[in-house]
Amino acid sequence: MNTEPPQGDDLQQMLVTMKHNVLARAELDRPAPGRRGHRAGIVIGIIAVLGIGVGSGAVALGMVPQPFTAAPAPSPTVTEPPTTPTKSSAPVVNEPTTTPTPTPTRKPFALDDPSTWTISGNEFGPVAIGGETGAETDDLGVAYQHDRANDVCGPEFGSSWARDGQPTLIVWSANGRVIGVNAWVPPGVGERGVVGPTTSSGLGIGSTLDELREAYPDLVDDPVYTKDVEPLPAPDAYTAWKTKTDTGWITFALGEDGVHVDNVVIGEMSGISCD
């Protein structure tokens with residue numbers, strides 16, 4: 001009897017035959033799941049026996065398939081649910097962009113230059129309605145001189161202020177406080193152009209009635225300061241017109257030509273008397 005272990009081609013042929021026999025028996029005698037370890041032990045034991053005398057046991061092991069290694073399961077495909085836009089609880093409304101109507105602003109102010117002064121409903125340059133008369137006229141004295149000879153019933157009632165090339169100012173007072181200011185020029189002076197302080201729209205002594213109506217659409221006649229003169233030298237001669245601002249009324253009185261302003265008034269002086 002030949003007791004030498006098979007080698008070379010005999011060994012390879014034996015391994016192939018054993019492989020087929022083992023797989024055939026495994027298929028016919030399919031054991032219950034709980035016996036998997038027993039069948040695996042038979043296969044491994046045969047390989048170990050046949051590996052005697054072989055240069056490497058790894059060669060024999062590699063020739064026997066591993067029937068119990070499961071193929072990797074395919075990765076599940078995740079399908080994202082469709083995104084449904086959610087309506088906002090309150091719709092977005094594009095508000096219209098509005099540009100505020102620009103309003104005239106005060107021009108640069110210089111206390112010693114009356115042409116830079118601004119007339120408003122409660123201020124005439126540095127003189128403010130309601131202020132203490134002495135303090136308000138002290139500021140006025142930087143550009144004007146107190147013309148005491150032309151005060152109306154004394155400085156505590158209507159103090160007169162003069163400056164060459166500028167309208168004459170009258171500061172009206174009651175109980176020691178300023179109640180009004182007016183500026184006036186002799187007839188014809190307004191025809192030379194605008195002089196002295198002006199409103200924020202650039203209107204004052206020398207402006208025309210048409211310019212007033214364009215700048216102040218709310219312009220109305222002012223019967224308090226309109227002169228009743230017969231016969232009139234021109235249409236609209238000596239008429240007065242007023243506009244209401246955020247701080248009070250401004251009145252513009254026309255001269256004898258009925259075109260140009262020769263008097264500007266702020267404050268409430270109607271009905272006052274120095275008696």
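How many bridges join β10 to strand β11, and in which direction do the two run relative to each other? Two bridges do the job, and the strands run antiparallel. Keep in mind as you look around that this is a predicted model. One spot to find on this pair is D221, which stands opposite W241 in β11.

Let's step back for the overall picture. The protein has 275 residues, and 32% of them count as buried. Its secondary structure comes to five helices and 13 strands. Take the contacts with a separation of 6 or more: residues 24 or more positions apart account for 47% of them.

Now for the sheet that β10 and β11 belong to. Eight strands make up an open sheet, and if you walk across it you meet them in the order β4-β5-β6-β7-β13-β12-β11-β10, with antiparallel pairing. The edges are β4 and β10, each with a single partner strand, so one side of each is left without a neighbour in the sheet.

Walk inwards from the β10 edge. Past β11 (residues 240-245) comes β12, joined to β11 by six bridges in an antiparallel arrangement. The turn from β11 to β12 is a hairpin that goes through two residues. Here you can spot K244 standing opposite W249 in β12. On to β13: this strand and β12 pair over five bridges, again in the antiparallel sense. L254 has V261 in β13 as its bridge partner.

A helix sits against this sheet too. α4 packs on it, touching β5 (158-162), β6 and β7, and the direction of α4 makes about 170° with that of β6. A good residue to zoom in on is T137, which lies in helix α4. T137 has a relative accessible area of 11%, under the 20% cut-off, so this residue is buried. Leaving out residues up to four places away in sequence, T137 touches S159, W161 and V171. T137 and V127 are ten residues apart in sequence, and their C-alpha atoms are 6.9 Å apart in space.

Over in strand β5 you'll find S160. Is S160 buried or exposed? It is buried, with a relative accessible area of 2%. Beyond residues up to four places away in sequence, S160 touches a whole list of others, including Q145, H146, D147, T168 and L169.

What about the nonpolar side chains? In soluble globular proteins, such side chains tend to be buried together. In this model the largest nonpolar core has 27 residues, and those with the most contacts inside it are L140, L169 and L212. The elements that give two or more residues to this core are β6 (168-174), β7 (177-184), α5, β12 and β13 (261-267). If you centre your view on L212 and set aside its neighbours within four places in sequence, you can see it in contact with L203, L219, F252 and V261. Another core, of six residues, lies apart from the largest one, and I170, W172, I179 and M269 are among its members.

F252 brings us to the aromatic rings. A pair of rings is described by the distance of the centres and the angle of the planes. The model has four aromatic pairs. In one of them, W117 and Y144 have ring centres 5.9 Å apart and planes at 40°, so the pair is tilted. W117 lies in the loop between α3 (57-63) and β1 (118-119), while Y144 lies in the loop between α4 (133-140) and β4 (145-146), so the pair ties together parts that are 27 residues apart in sequence. Both W117 and Y144 are buried.

Another pair, Y216 with F252, is stacked, at 6.1 Å centre to centre and 25° between the planes. This one also links distant parts of the chain: Y216 is in the loop between α5 (209-215) and β10 (220-221), F252 is in strand β12 (residues 248-254), and they are 36 residues apart. Y216 and F252 are both buried. Elsewhere, ring pairs link F109, W117 and Y144 into a cluster.

To finish, return to the tryptophans W241 and W249. The charged end of R213 sits over the ring of W241, 5.0 Å from its centre. The ring of W249 has the charged end of K242 over it, 4.4 Å from the ring centre.

How values were computed:
Residues are numbered from 1 along each chain as its sequence is written. This is a predicted model: local features need pLDDT of at least 70, side-chain atom pairs count only at pLDDT 80 or more; totals for chains, interfaces and linings use all residues. Side-chain values use heavy atoms; hydrogens and water are left out. Rings of Phe, Tyr and Trp (its six-membered ring) pair if their centres lie within 6.5 Å; planes under 30 degrees apart count as stacked, over 60 as edge-to-face and the rest as tilted. Helices (H or I, at least four residues) and strands (E, at least two) are DSSP runs, numbered from the N terminus. Buried means under 20% relative accessible area, exposed over 50%, partly exposed in between (1.4 Å probe, protein chains only). A charge sits over a ring if NZ of Lys or CZ of Arg is within 6 Å of the ring centre and within 35 degrees of the ring normal. Contact means heavy atoms within 4.5 Å. Two strands pair if DSSP finds at least two bridges between them. A nonpolar core is a set of buried Ala, Val, Leu, Ile, Met, Phe, Trp, Tyr and Cys residues joined through side-chain atoms within 4.5 Å. Axes are lines fitted to C-alpha atoms, for helices over the stretch in contact, and angles run from 0 to 180 degrees between N-to-C directions.
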